[in-house]
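Me: I've got a fold on screen and a few minutes to spare. Can you walk me through it?
Reply: Sure, open it up and ask away.

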Amino acid sequence: MKYPILLKEVKKKTPADHHDNEPLDQAITSFDTLIKEVDRRTGMAKCLDVISRLEYLQEEQKCPEIMKSSFILCSGVLKNKSGSKLQTFLTDKVLILTRPSSRCGVLNYQVYREPIPVHQLLVEDLGEGDGKTGSFRGTLNRGSSTGVKHLFRVSCTNEQANCHSHTLQANGDYDKKAWLDAFKNVVQAIILPSAMTTV
């Protein structure tokens with residue numbers, strides 16, 4: 001919306017002792033509140049739309065956190081180690097890997113393996129072929145270099161849960177950064193692969 005920007009520009013050029021300052025501040029605050037609410041409701045609507053399109057192959061895939069999700073923090077196509085393209089959704093509650101499917105011209109998402117609740121989510125930045133690995137939840141041993149870029153691995157911290165580990169490849173540096181930044185919103189400790197230090 002251009003109105004908040006316009007109002008802020010007017011505010012900058014308004015003398016400090018002018019009687020319009022107070023109503024300008026009120027208008028700017030009202031617009032900011034309105035925009036945040038619109039963004040919140042739009043995000044919720046998008047999340048609900050994705051949830052309504054999920055198709056489950058197994059009962060175990062119906063993770064309770066899916067229905068508790070309110071927002072999609074990141075989504076896009078990631079490749080797994082076999083080269084399959086997975087439409088992936090990270091919500092505020094769960095990570096869901098899917099395969100797009102179409103029925104009667106309607107796009108749906110077939111859930112691939114078991115979703116991983118974010119409170120059990122372990123993310124490893126596999127670096128850029130330098131043989132170093134890092135984890136958002138702990139330091140891992142160094143692995144061998146594969147020469148493949150833009151990789152990270154997701155797995156479950158709950159060893160008793162029926163979760164799989166997935167090595168995923170983003171489409172590029174920007175795409176990988178977007179995913180890792182989104183993961184930072186749902187994990188507590190971040191350990192960088194280069195410095196191996198928590199931030």
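Me: In what order do the elements of the protein run from the N terminus on?
Reply: This is a predicted model. Its elements run α-α-β-α-β-β-β-β-β-β-β-β-β-α.

Me: How many helices and strands is that?
Reply: Four helices and 10 strands.

Me: What share of the residues count as buried?
Reply: Of 199 residues, 39% count as buried.

Me: And the surface, how much does the protein expose?
Reply: About 12000 Å². Carbon and sulfur atoms supply 52% of that area.

Me: What about contacts, what percentage comes from residues 24 or more positions apart?
Reply: The figure is 53%, taken over contacts with a separation of 6 or more.

Me: On to the inside. Which residues touch the most other members in the largest nonpolar core?
Reply: Leu90, Leu121, Phe152, Val154 and Phe183. That core has 22 residues.

Me: Which elements each supply at least two residues of it?
Reply: Five strands and a helix would be the short version, so here are the names: strand 2 (72–79), strand 3 (85–91), strand 4 (94–103), strand 7 (121–125), strand 9 (151–156) and helix 4 (173–184).

Me: Which one gives the largest share?
Reply: Helix 4, with four residues.

Me: What else is there in the way of a separate core?
Reply: A second core of 11 residues. Among its members are Cys47, Val50, Ile51 and Val94.

Me: Why would nonpolar side chains be buried together?
Reply: That is a general tendency in soluble globular proteins.

Me: Let's take Gly76. Where does it lie?
Reply: In strand 2.

Me: Is Gly76 buried or exposed?
Reply: Gly76 is buried, because its relative accessibility is 16% and the cut-off for buried is under 20%.

Me: What is Gly76 in contact with, beyond its neighbours within four places in sequence?
Reply: Leu86, Gln87, Thr88 and Trp179. Trp179 is 103 residues away from Gly76 in sequence, yet their C-alpha atoms are 9.1 Å apart.

Me: Now helix 4. What can you tell me about Asp181 there?
Reply: Asp181 is found in helix 4. At 28% relative accessibility, Asp181 is partly exposed. Its C-alpha is 9.5 Å from that of Leu73, with their positions 108 residues apart along the chain.

Me: And Val186, where is that found?
Reply: In the segment after helix 4. Val186 counts as buried, at 15% relative accessibility.

Me: How far is Val186 from Val94?
Reply: 9.2 Å, C-alpha to C-alpha. Along the chain they are 92 residues apart. Val94 also belongs to that second core.

Me: Switching ends. Where is Lys11?
Reply: In helix 1, residues 3–12. Lys11 is partly exposed, at 26% relative accessibility.

Me: Which residues does Lys11 touch, not counting those up to four places away?
Reply: Asn21, Leu24, Asp25 and Ile28. The C-alpha atoms of Lys11 and Asp25 are separated by 7.9 Å, and the two are 14 residues apart along the chain.

Me: Backbone next. What is phi for Cys104?
Reply: Near 55°, a positive value in a residue other than glycine. Cys104 is in the loop between strand 4 and strand 5 (106–111).

Me: Is Cys104 buried or exposed?
Reply: Cys104 is exposed, with 84% relative accessibility.

Me: And phi of Arg113?
Reply: Positive as well, near 60°. Arg113 is in the loop between strand 5 and strand 6 (116–117). Arg113 is partly exposed, with a relative accessible area of 34%.

Me: Last topic, holes. How many cavities of 30 Å³ or more?
Reply: One. The largest cavity has a volume of about 40 Å³.

Me: Which residues line it?
Reply: Ile96, Leu97, Val111, Tyr112, Arg113, Glu114, Pro115, Ile116 and His166. So Arg113, from the loop after strand 5, is back again.

Me: How does that lining split by class?
Reply: Six nonpolar, one polar and two charged residues.

Terms used: Residues are numbered from 1 along each chain as its sequence is written. This is a predicted model: local features need pLDDT of at least 70, side-chain atom pairs count only at pLDDT 80 or more; totals for chains, interfaces and linings use all residues. Side-chain values use heavy atoms; hydrogens and water are left out. A nonpolar core is a set of buried Ala, Val, Leu, Ile, Met, Phe, Trp, Tyr and Cys residues joined through side-chain atoms within 4.5 Å. Buried means under 20% relative accessible area, exposed over 50%, partly exposed in between (1.4 Å probe, protein chains only). On a 1 Å grid over the protein atoms alone, a cavity is a set of points where a 1.4 Å probe fits but cannot get out, and a pocket is an open set with protein on both sides within 12 Å along at least five of seven lines; lining residues have an atom within 4 Å of a point. Grid points are joined across faces, edges and corners, and a volume is the space filled by probe spheres set on the points. Ala, Val, Leu, Ile, Met, Phe, Trp, Tyr, Cys and Pro count as nonpolar, Asp, Glu, Lys and Arg as charged, and the others, Gly among them, as polar. Contact means heavy atoms within 4.5 Å. Accessible areas come from the Shrake-Rupley method with a 1.4 Å probe; for residues, only the protein chains shown count as cover.
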